[in-house]
Amino acid sequence: MHRPTTSAEPTPDERIRQLRGRIDRVDAELAELLERRALLAAEVQRLKPVGYFAGRDARRERDLVERMAEHAPRLGADRLAAIMDSVISAGLAAAQEEAERDR
């Protein structure tokens with residue numbers, strides 16, 4: 001009697017493991033990009049006459065979010081605005097702490 005061959009489809013648990021592995025790789029890339037962004041922003045802050053939190057440019061941030069929303073429509077501008085506010089705040093805080101250590 002011939003038995004049907006089993007499908008090569010992964011089980012749900014295997015698929016979850018695969019997807020989480022992909023998420024982990026994206027998260028590592030995202031962390032590297034966030035670090036690069038923070039370093040660039042810190043350099044900008046050192047060059048501005050009014051830097052760190054006082055030097056935030058609301059219009060530039062809105063434009064940034066709108067451009068990002070074009071690439072990430074699932075997240076949308078409102079969610080991206082919250083994310084980028086956190087990213088910008090964290091980067092500025094790190095730059096300010098670094099500048100204070102270097103004094």
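Is Ala93 buried, partly exposed or exposed? Ala93 counts as partly exposed, because its relative accessible area is 24% and a residue has to come in under 20% to be called buried. Keep in mind that you're looking at a predicted model. The chain has 3 helices and 0 strands, and Ala93 sits in one of them, helix H3.

**The whole chain**

- Reading from the N terminus, you meet the elements in the order α-α-α.
- This chain isn't rolled up into a ball: its radius of gyration is 21 Å, while a compact globule of 103 residues would come out near 13 Å.
- Put a box around the C-alpha atoms, along the principal axes, and you get roughly 85 × 30 × 15 Å.
- Just how much of the chain is tucked away? Buried residues account for 18% of the 103 residues.
- Take the contacts between residues at least 6 apart in sequence: 53% of them join residues at least 24 apart.

**Helix H1**

- H1 covers residues 12-47, which makes 36 residues.
- From its first C-alpha to its last, H1 reaches 52 Å, close to the 52 Å expected at 1.5 Å a residue.
- Its buried residues are Gly21, Ala41, Ala42 and Gln45.
- What do those buried residues pack against? Their partner is helix H3, residues 76-102.

**Helix H3**

- H3 has 27 residues, so at 1.5 Å a residue it should span 39 Å, and its end C-alpha atoms are indeed 39 Å apart.
- Which residues of H3 are buried? The list is Gly76, Leu80, Met84, Ile88, Gly91, Leu92, Ala95 and Ala99.
- Here's a handy bit of background for reading that list: an α-helix has 3.6 residues a turn, so residues three or four places apart point the same way.
- The cover over the buried residues of H3 includes H1 and helix H2, which is residues 58-71.

**Back to Ala93**

- Ala93 belongs to H3, but with 24% relative accessible area it is partly exposed.
- Ala93 and Arg60 are 33 residues apart along the chain, and their C-alpha atoms are separated by 19 Å.

**Surface and charge**

- The chain exposes about 8800 Å², and carbon and sulfur atoms supply 54% of that area.
- How many charges of each sign are there? The chain carries 19 positive and 20 negative ones, and the mean positions of the two sets are 3 Å apart.

Methods:
Residues are numbered from 1 along each chain as its sequence is written. This is a predicted model: local features need pLDDT of at least 70, side-chain atom pairs count only at pLDDT 80 or more; totals for chains, interfaces and linings use all residues. Side-chain values use heavy atoms; hydrogens and water are left out. Helices (H or I, at least four residues) and strands (E, at least two) are DSSP runs, numbered from the N terminus. The expected span of a helix is 1.5 Å times one less than its number of residues. Buried means under 20% relative accessible area, exposed over 50%, partly exposed in between (1.4 Å probe, protein chains only). Contact means heavy atoms within 4.5 Å. The radius of gyration is taken over C-alpha atoms; the globule rule is 2.2 Å times the number of residues to the power 0.38. Accessible areas come from the Shrake-Rupley method with a 1.4 Å probe; for residues, only the protein chains shown count as cover. Lys and Arg count as positive and Asp and Glu as negative; His and the chain ends are not counted. The place of a charge is taken as NZ of Lys, CZ of Arg, CG of Asp or CD of Glu.
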